[in-house]
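User: Hi! I have just opened my first protein model and would like to learn how to read it. Could we go through it together, one question at a time?

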Amino acid sequence: FSSYLHMGGAPNLEKRLCELDLRSDLDVPDIPPPTDSTPEILKRALSGLSARWKNWWIRGILSVAMISGFFLVIYLGSFMLMLLVLSIQVKCYHEIITIGYRVYHSYDLPWFRSLSWYFLLCVNYFFYGETVADYFATFVQRREQLQFLIRYHRFISFALYLTGFCMFVLSLVKKHYRLQFYMFAWTHVTLLITVTQSHLVIQNLFEGMIWFLVPISSVICNDIAAYIFGFFFGKTPLIKLSPKKTWEGFIGGFFSTVVFGFVFSYFLAQHQYFVCPVEYNSETNRFVTECEPSELFQIKKYPLPPLFQAVLGWETVNMYPFQLHSIALSTFASLIGPFGGFFASGFKRAFKIKDFADTIPGHGGIMDRFDCQYLMATFVHVYITSFIRGPNPSKLLKQLLILQPEQQLSVYKTLKSHLIEKGILQPSLRV
């Protein structure tokens, strides 16, 4: 390539590349700042405070309100939590897509606003259809219409996406080619960030509500603790992407989160409602969380290291095995989770915006609160599949029940032969 340039084959190409290298973030068009959505009653009550303390109180009051609402949704059950995850996903998608519209001035692109939401519908149809087929097989088996939809679910999903793809190609106009492809890529990356991760959140929830609550609460705790330690003790900048983040807040948030996760896990592990896998009961048409808790949620005795024995005077300690896993979850939430926030900060700096939106006074948009949660959801899913989850007889049985009778008989004969070879069944035994 360099030889080609030196030979003069493209005299303007090198100059063009240099011009591109000199482009900076200053070339990004300005976006109007978000409006202040703080309720008037709060503005009047805090009018005498400095901007720093006013923001402290607004963030604190709204944090308590959001946490209280979250506890209410937990009380209402698993289905309401799933609806909450879906609502947050849609709002985060809306906030990111809106930034794309504003940055690239793409409001007038033909069909594109409709296509963005159409692609969101297609991807959600695919993921939620996979969940229904996986966890609600018995329910689907009783309804012939649903059997058709589930049997051809992936083909239908592909056909829906292909329709949107063709509509996008038909919408291309000569003077907007580049802009339209920018927005096409923007939409798909946004779908990858929001829809895929929220699907993993729901997958974690089905493993047991504790796998949903501990990671999410750890991220919230780390965010609050880091803010408090940074507010009162922060002096040393942590990263240029987030000038307000400090090493004091980062370290204080880490220790606070590990302690919180360990204690919070101990409380949740005592209740079946939180530790049992979420399953759908087709007879009562309700989600149930009743089971015999696994070994992860049964008290065990662990020997303490010699150093702790000397300090505490204890030789052993009783705790739930899940509490050890909570340390891994809390550590990730504290050390790696914040990089999701740093990534979001870099994104906002790239497009000259302070927050994704002004949905929550003092906090910004929904995406500003959940930028770390998406990264955490992926880690928890990988952690469960790598270190926790084994064969699930209940799920396997549901899949066997939807097979044709001759297929079920074939599985029965194969399993019987295998058990006889293992010496578990006697050849003459009638089952």
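User: Does F233 count as buried, partly exposed or exposed, and why?

Analyst: Good place to start, and please keep in mind that this is a predicted model. A residue needs over 50% relative accessible area to be called exposed. F233 has a relative accessibility of 52%, so the class for F233 is exposed.

User: How is the ring pair of F229 and F233 described, and why?

Analyst: Two values are needed here: a pair of aromatic rings is described by the distance of the centres and the angle of the planes. For F229 and F233, the ring centres are 6.0 Å apart and the planes meet at 40°. Stacked pairs have planes under 30 degrees apart and edge-to-face pairs over 60, with the rest in between. An angle of 40° therefore makes the pair of F229 and F233 tilted.

User: What separates F229 and F233 along helix 11?

Analyst: Both residues belong to helix 11, which covers residues 209-233. F229 is partly exposed, at 29% relative accessible area. Because F229 and F233 are 4 residues apart in this helix, their separation is about one helical turn.

User: Which kind of aromatic pair do F126 and F127 form, among how many aromatic pairs?

Analyst: The count of aromatic pairs comes to 28. In the pair of F126 and F127, the centres are 5.2 Å apart and the planes are at 65°. Edge-to-face applies to planes over 60 degrees apart, so the pair of F126 and F127 is edge-to-face.

User: Is F127 buried or exposed, and why?

Analyst: The cut-off for buried is under 20% relative accessible area. Its partner F126 has 28% and counts as partly exposed. F127 has 17%, so F127 is buried.

User: Which helix supplies the largest share of the nonpolar patch?

Analyst: The patch lies on the surface and is made of W53, W57, I61, I220, I224, I228, F232 and F233, with about 710 Å² of accessible area together. Helix 4 (51-76) and helix 11 each give at least two of these residues. I61, for example, lies in helix 4 and is partly exposed at 37% relative accessibility. The largest share, 5 residues, comes from helix 11.

User: How far is V380 from P215 in space, C-alpha to C-alpha?

Analyst: V380 sits in helix 17 (residues 366-388) and is buried, with 1% relative accessibility. Leaving aside neighbours within four places in sequence, V380 touches N204, W211, P215 and L329. V380 and P215 are 165 residues apart in sequence, yet their C-alpha distance is 7.5 Å.

User: What share of the contacts with a separation of 6 or more is between residues 24 or more positions apart?

Analyst: Now for the whole chain, which has 19 helices and 6 strands. Of its 431 residues, 37% are buried. Among contacts with a separation of 6 or more, residues 24 or more positions apart account for 68%.

User: How far apart are the end C-alpha atoms of residues 182-202?

Analyst: An unreviewed UniProt entry lists several spans as "transmembrane region", including 109-128 and 182-202. In the model, residues 109-128 are 85% helix and 0% strand, whereas residues 182-202 are 100% helix and 0% strand. For residues 182-202, the end C-alpha atoms lie 30 Å apart.

Technical notes: Residues are numbered from 1 along each chain as its sequence is written. This is a predicted model: local features need pLDDT of at least 70, side-chain atom pairs count only at pLDDT 80 or more; totals for chains, interfaces and linings use all residues. Side-chain values use heavy atoms; hydrogens and water are left out. UniProt positions are given in the numbering used here, feature names are shortened, and annotations may be inferred rather than shown by experiment. Helices (H or I, at least four residues) and strands (E, at least two) are DSSP runs, numbered from the N terminus. Buried means under 20% relative accessible area, exposed over 50%, partly exposed in between (1.4 Å probe, protein chains only). Contact means heavy atoms within 4.5 Å. Rings of Phe, Tyr and Trp (its six-membered ring) pair if their centres lie within 6.5 Å; planes under 30 degrees apart count as stacked, over 60 as edge-to-face and the rest as tilted. Patches are made of residues with over 30% relative accessible area and no salt bridge: like charges are joined within 9 Å, nonpolar side chains (Val, Leu, Ile, Met, Phe, Trp, Tyr) within 5 Å. Accessible areas come from the Shrake-Rupley method with a 1.4 Å probe; for residues, only the protein chains shown count as cover. A salt bridge is a side-chain nitrogen of Lys or Arg within 4 Å of a carboxyl oxygen of Asp or Glu.
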